[in-house]
Amino acid sequence: MIVLDIGRRRAMAAEPLQYEKNEHIATITLNRPQAHNALTPEMLCRLADALADARDDDTIRAVILTGAGDRAFCAGGDLGRTLPLLTGDKPPQDHWDERLLNDPQIMPVSSLCDGAMSKPVIAAVNGVCVAAGAELLLGTDIRVASHESRFAWPEVQRGLIPFAGSLARLPAQLSHCQAMELMLTGEAIDAQKALQLGLLNYVVHGPEVLPLAQRLARRIADNAPLAVAAIKRTAVDSIGLPEQEAFKLEKQAYRKVMASEDAREGPRAFMEKRAPVYQGR
């Protein structure tokens with residue numbers, strides 16, 4: 001049994017993406033630290049699969065997304081494999097390449113676009129976060145980064161454009177002029193500047209990044225899952241809508257949540273001076 005367990009752990013450590021579930025929290029780790037966790041076609045497919053699984057698993061209430069090692073969260077798409085494949089400069093070489101090109105769900109799900117994730121996602125960033133990594137960051141809900149982290153959307157410097165949601169999301173999350181400067185120059189900013197611009201929630205020392213993300217995930221997971229999901233869905237879907245249309249979405253969410261058992265359990269537990277037991281119904 002011990003040998004099998006060691007073997008399983010070694011096999012998992014060798015995988016380019018690790019996916020674990022523990023007490024209502026899913027943790028996804030980009031695992032190519034030797035390549036700054038640059039995204040290969042296999043990693044994109046596995047990332048889409050992990051995010052879809054977390055989304056569809058009723059026991060999961062929060063997701064942590066991070067990168068292995070202390071040098072990078074994600075340095076973007078692999079310039080030798082992924083980008084040439086997507087530009088047509090290189091033909092598909094294996095199953096993962098074929099799937100990336102032919103499965104229309106891989107790109108939107110792996111980049112957290114198109115409402116692909118209904119549960120809160122916390123980014124734990126320790127190091128380089130650029131290109132596709134920075135685009136992925138914009139799809140998360142809460143962000144913790146180390147002091148050493150750097151952020152950039154440098155695609156324009158390589159004849160490309162951000163194509164995983166940044167053209168829509170960055171101007172929505174920053175002022176227009178700040179977003180345009182980042183995307184049109186491709187220049188990097190440090191963690192303090194990212195915090196100042198509102199791209200991050202916390203900047204801490206490297207060893208504190210993942211533990212803080214885990215504490216935040218636990219606090220979310222302890223809350224009523226229907227309410228959490230309704231808050232995320234309504235807030236995200238309301239972006240860019242006229243105020244009256246956004247109010248309609250809020251009222252729909254209100255009616256659904258108020259009719260739930262959890263909405264009765266929360267106040268009851270408070271009055272009885274005990275911890276609530278939420279069932280997600």
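This is a short walk through two helix pairs and the nonpolar cores of the model above.

Before you start clicking: the model is predicted, so local features need pLDDT of at least 70 and side-chain atom pairs count only at pLDDT 80 or more, while totals for chains, interfaces and linings use all residues. Residues are numbered from 1 along each chain as its sequence is written, and side-chain values use heavy atoms, with hydrogens and water left out.

**Stop one: α2 and α4**

Select residues 41-56, which is helix α2, and residues 95-102, helix α4. Helices here are DSSP runs (H or I, at least four residues), numbered from the N terminus. The two axes come within 8 Å and cross at roughly 60°; axes are lines fitted to C-alpha atoms over the stretch in contact, with angles from 0 to 180 degrees between N-to-C directions. That makes α2 oblique to α4 (under 35 degrees is roughly parallel, over 145 roughly antiparallel, 65 to 115 roughly perpendicular, and the rest oblique).

Now show side chains. On α2, pick Pro-41, Glu-42, Leu-44, Cys-45, Arg-46 and Asp-49; they meet Trp-96, Asp-97, Arg-99 and Leu-100 of α4, contact meaning heavy atoms within 4.5 Å. By class, this contact has five nonpolar, no polar and five charged residues.

Stay on α2 and click Ala-52. At 17% relative accessibility, Ala-52 counts as buried (under 20% relative accessible area; exposed is over 50%, partly exposed in between; 1.4 Å probe, protein chains only). Want a distance to draw? Ala-52 and Ala-263 lie 211 residues apart in sequence and 27 Å apart in space, C-alpha to C-alpha.

**Stop two: α7 and α8**

Next, select 166-173 (α7) and 176-185 (α8), which pack at about 140° with axes 7 Å apart. That makes α7 oblique to α8 as well. Look for Ser-166, Leu-167, Leu-170 and Pro-171 in α7 against Ala-179, Leu-182 and Met-183 in α8. The class tally here is six nonpolar, one polar and no charged residues.

**Stop three: the cores**

Keep Leu-170 selected and add Ile-28, Val-125, Phe-151, Trp-153 and Leu-199: these have the most contacts inside the largest nonpolar core, which has 47 residues. A core is a set of buried Ala, Val, Leu, Ile, Met, Phe, Trp, Tyr and Cys residues joined through side-chain atoms within 4.5 Å. Helix α2 supplies the largest share, eight residues.

Zoom in on Val-125. Beyond its neighbours within four places in sequence, Val-125 touches residues including Phe-73, Leu-137, Val-144, Phe-151 and Val-209.

Last selection: Leu-212, Leu-216, Ala-221 and Val-228, among the members of a second, separate core of 15 residues.

Key:
Helix = DSSP H or I, 4+ residues; strand = E, 2+ residues; numbered from the N terminus. Nonpolar A, V, L, I, M, F, W, Y, C, P; charged D, E, K, R; others polar.
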